[in-house]
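Here are my notebook entries from a look through this model. I went for surface charge and then for aromatic rings.

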Amino acid sequence: MTSEEFETFYEAMAEAIDAIAPEYTEVFLAKLCLAFGREIGESEKALALIADCRKDLSGR
């Protein structure tokens with residue numbers, strides 16, 4: 001993914017989050033992550049991404 005494509009992806013995700021009610025943000029993000037995991041199709045890679053994204057989050 002190019003930097004431009006990544007920026008487009010980020011903007012689309014941010015707009016989707018802004019368009020939904022705040023109480024549904026976590027559900028939306030969970031559904032999005034599950035959809036991405038299914039698209040990746042490789043459980044080891046998906047699990048590694050989960051582990052990477054958990055790093056450096058305060059309070060967890």
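I started with Glu11, asking how exposed this residue is. Its relative accessible area is 40%, so I noted Glu11 as partly exposed. Keep in mind that I am reading a predicted model here. Glu11 sits in helix α1, which covers residues 3–19. I then looked for its company at the surface: Glu7, Glu11, Glu15 and Asp18 make up a negative patch.

Next entry, aromatic rings. How many aromatic pairs does a search of the whole structure find? I got 2. One of them joins Phe6 and Phe9, with 6.4 Å from centre to centre and 45° between the planes, a tilted arrangement. Both residues belong to helix α1 and are 3 residues apart, so about one helical turn separates them. I checked their exposure too: Phe6 is partly exposed at 48% relative accessible area, and Phe9 is partly exposed at 30%.

Phe9 also pairs with Phe36, and I noted this pair as tilted, with centres 5.8 Å apart and planes at 50°. Which parts does this pair tie together? Phe9 lies in helix α1 and Phe36 in helix α2 (residues 25–40), so the contact links parts that are 27 residues apart in sequence. For Phe36 I wrote down a relative accessibility of 36%, which means partly exposed.

Last entry: I put the rings together, and Phe6, Phe9 and Phe36 form one aromatic cluster.

Key: Residues are numbered from 1 along each chain as its sequence is written. This is a predicted model: local features need pLDDT of at least 70, side-chain atom pairs count only at pLDDT 80 or more; totals for chains, interfaces and linings use all residues. Side-chain values use heavy atoms; hydrogens and water are left out. Patches are made of residues with over 30% relative accessible area and no salt bridge: like charges are joined within 9 Å, nonpolar side chains (Val, Leu, Ile, Met, Phe, Trp, Tyr) within 5 Å. Accessible areas come from the Shrake-Rupley method with a 1.4 Å probe; for residues, only the protein chains shown count as cover. A salt bridge is a side-chain nitrogen of Lys or Arg within 4 Å of a carboxyl oxygen of Asp or Glu. Lys and Arg count as positive and Asp and Glu as negative; His and the chain ends are not counted. The place of a charge is taken as NZ of Lys, CZ of Arg, CG of Asp or CD of Glu. Helices (H or I, at least four residues) and strands (E, at least two) are DSSP runs, numbered from the N terminus. Buried means under 20% relative accessible area, exposed over 50%, partly exposed in between (1.4 Å probe, protein chains only). Rings of Phe, Tyr and Trp (its six-membered ring) pair if their centres lie within 6.5 Å; planes under 30 degrees apart count as stacked, over 60 as edge-to-face and the rest as tilted.
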